[in-house]
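Let's take a walk through a protein model together, one piece at a time. Keep the 3D view open and follow along.

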Amino acid sequence: MAWRSATGSMPESALRLEAASHVFHPGTPSEQRALDAVDLELGRGTLTVVLGTNGSGKSSLLGAIAGSLPLASGRVYLDGHDVTPWSEQRRAHLIGRVFQNPFTGTASGLSVAENLTLAARRGRQRRLRPALGADRRRVIGEHVARLGMGLEDRLDTPIDVLSGGQRQALTVLMATMVRPTLLLLDEHTAALDPRSAELVVRLTREVIAAGGLTTLMVTHSLSQAVQLGDRVLVMHRGRLVHDITGGRRQRLVEDDLLQLFDQLRWADRLDDSAAQMLRRAYV
Amino acid sequence: MNLLIGAATIGFILAPLALGVFLSYRIYQTIDLTADGSFGVGAAAAAALLVRGMPPLAATALGTLAGVAAGAITGMLHTKFLVGALLAGVLTSTALYSVNLFIMGSGSISLGSAASLVTLAELLGRRLFGLPASLTVLGTTVSGASLASLVLMALLSGALAWGLALLLGTDLGLAMRAAGNNPQMAKAVGIDVDRMVVLGLGLSNGLIALAGSLFAQYQGFANIQMGIGAVVTGVATLMVGESMLGNRPLGRWIAGAVVGAVVFRLLVAVAVRAGLNPNALKLVTALFVLAVLLLPALMRRTRRGLAERDRIHA
């Protein structure tokens, strides 16, 4: 494993996937390659945006990295560790996650402060120490105050009375309270109204910049893809079909992406008609 | 008066049952049917050990541990072997039926003159506070022993409720609550959800087994039928508590479980006194739980029906 340097120095990349594959319903007619030998390396402190049609494998990619989707073959490295056999909760020591649904990232039966203190212990032992001592409350209050939503005065409010936007903003905070090696954002503004989405995007940019975080962000929004990030990946049928970086990324505009998607759809149609022709001829 | 003291004592004895069901039903949002078996195993183990001369505290502790083991087994079946929560509980409690028969050696055991927590309480009351054998309270004669049991059980259930509230406010307790409330979120913050489920069900059934062993010591015998309906009784007492004290904040919710258990038993005593056939008790309890579960939906429907009528007639 040459990549994992023998001298023990910091590996270059935060995340590395080697030929990661996952197949849904293998060996049946509905077999689908969710991930088809995906190779991917994310440099430290970079923000990468993943685009793709529905069913292209974006979610599977995040699942494979986070550990909720077991790989059929291939390996996952985080921070130089081979985490392929690690469970989801063990990988969470290195990964911060924000989900599409604002209700997924927070525990609805718990208060604002309780949710945050849970996140503040990510990757640490949980023992019989009071979860919300005065010191911890103060630190949490300071964190929450940064949102500018006035939530620092509502720390004991049950989190389920907050709006989706407020909960998602808190989830972004929770994912980054303990500095993650990798931040995974799974269409985390898709379920929000435009104003909340804008607010959450701004907050996300701030925390990423403040922490110099390595981030992988899945989105449906072409404008987000163009505005954010250093690199744009396009997925299709379980593969990374475009990797736009450097000068090309600088010059990228939304129309370029629309064109890319048109091409993919065109290729799909060709495939379908070709398949039909074959079926007519031979079946 | 004697009736009320007896009912209140049984209420406090059933408080750990309510706390155990609170953990599984409210914190983990599962109906854990292990409860019927673990209530029985607590009673059976404590009784069998007491008649063999084991000190009451040790016998009660071992009865409780038997419940912890039962709950942990259900938790493992559910998390490691992916058996559904309901089936896992039924499997454990069914197996426990035989285990309880083996422990007791027959369908029932009488404690006879064996020392128990109840006799211990009476002894302590006499030695420390000069409690007489009988005394007059509000014009009725009450035995010192029954007062001593009442005080002991009240202190015990109060301490358990307080301890549970403290536990659920620690890092570990919060992890348990998150695991029960939102497993996806819990995993994302690095909590081992499976471990928390095993831990939580173990704790829950330990409390329930404790209630069983206290109950056996209070009534002076254990039998194989004691645990039947423990889950439903626990849910019913919990609902009484919730209707009186609500469910926020958490400490109030937990206190409600204890208060609910006592009030529930007082209601039962009054109902039986008023002529309710004791054989109908479980039927009535089940109907009560059903009514509480259905009431909100029925009320919504009625309200909608009325609104509809108003709209048509407007």
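## A histidine to begin with

H78(B) has its place in helix α3 (residues 56–79) of chain B. Before going further, keep in mind that this is a predicted model. Is H78(B) buried or exposed? A residue counts as buried if 20 or more other C-beta atoms lie within 10 Å of its own. H78(B) has 24 other C-beta atoms within 10 Å, so it is buried.

Who is around it? If you skip the neighbours within four places in sequence, H78(B) is in contact with V83(B), A85(B), A88(B) and V197(B). Take A88(B) from that list: it sits ten residues from H78(B) in sequence, and their C-alpha atoms are 6.0 Å apart in space.

Now hop to A271(B), which lies in helix α11 (residues 250–273) of chain B. A271(B) has 15 C-beta neighbours inside 10 Å, so it counts as partly exposed. Measure across to T30(B) and you get 30 Å, C-alpha to C-alpha, for two residues that are 241 apart in sequence.

## Two helices to hold a ruler against

A helix has an expected length, at 1.5 Å a residue, and you can check it on one helix from each chain.

| Helix | Residues | End-to-end C-alpha distance | Expected span |
|---|---|---|---|
| α6(A) | 194–211 (18 residues) | 26 Å | 26 Å |
| α10(B) | 230–245 (16 residues) | 22 Å | 22 Å |

In α6(A), the span expected at 1.5 Å a residue agrees with the 26 Å between its end C-alpha atoms. α10(B) likewise reaches 22 Å, close to what is expected.

Which residues of α6(A) are buried? They are L199(A), V200(A), V201(A), L203(A), T204(A) and I208(A). It helps to know that an α-helix has 3.6 residues a turn, so residues three or four places apart point the same way. The buried residues of α6(A) pack against β3 (47–52), α5 (164–177), β7 (182–186), β8 (215–218) and α7 (222–227) of chain A.

α10(B) has its own buried list, including A230(B), V231(B), T233(B), L238(B) and G241(B). Look just past the end of each helix, too. After α6(A) comes G212(A), with a positive phi of about 55°. After α10(B) comes G246(B), with a positive phi of about 75°.

## Chain A as a whole

Zoom out to chain A, which has nine helices and ten strands. Its C-alpha atoms fill a box of roughly 75 × 45 × 40 Å along the principal axes. For 283 residues, a compact globule would have a radius of gyration near 19 Å, and the 21 Å of chain A agrees with that. Of those 283 residues, 41% count as buried. Chain A also has plenty to say about sequence versus space: among contacts between residues at least 6 apart in sequence, 70% join residues at least 24 apart.

## Strands in chain A

Strands of a sheet pair through backbone hydrogen bonds, either parallel or antiparallel. In chain A, four strands form an open sheet in the order β2-β1-β4-β5, with antiparallel pairing. β2 (32–43) and β5 (81–82) of chain A stand at the edges with a single partner strand each, so one side of each is left without a neighbour in the sheet.

Inside that sheet, five bridges join β1 (residues 13–24) to β4 (residues 73–78) of chain A. One pair to find is S21(A) with its bridge partner S73(A) in β4(A). Helix α1 (residues 58–66) of chain A lies across β1, β2 and β4 of chain A, at about 65° to β2(A).

Next, pick out β9 (residues 231–236) of chain A. Five of its six residues are buried, so this strand is largely enclosed by the rest of the structure. How do β3(A) and β9(A) run, parallel or antiparallel? They run parallel, joined by five bridges, and V50(A) stands opposite L233(A) in β9(A).

β9(A) is also joined by five bridges to β10 (residues 239–244) of chain A, and that pair runs antiparallel. There, H236(A) has R239(A) in β10(A) as its bridge partner. The two strands form a hairpin with two residues between them, and R237(A) in the turn has a positive phi of about 50°.

## Where the chains meet

Finally, 20 residues of chain B are in contact with 27 residues of chain A. On chain B, α7 (171–181) and α8 (183–188) each supply at least two residues of the touching side. α7(B) gives the most, with seven residues. By class, this side of chain B has nine nonpolar, six polar and five charged residues.

Definitions and conventions: Residues numbered from 1 in each chain as written. Chains lettered and ligands numbered in written order. Predicted model: local features only at pLDDT ≥ 70, side-chain atom pairs only at ≥ 80, totals over all residues. Rg over C-alpha atoms; globule rule 2.2 N^0.38 Å. Buried ≥ 20, exposed ≤ 12 C-beta atoms within 10 Å, placed from the backbone. Contact = placed C-beta atoms within 7 Å. Nonpolar A, V, L, I, M, F, W, Y, C, P; charged D, E, K, R; others polar. Expected span 1.5 Å × (residues − 1). Pairing = 2+ DSSP bridges. Axes fitted to C-alpha atoms, helices over the stretch in contact; angles between N-to-C directions.
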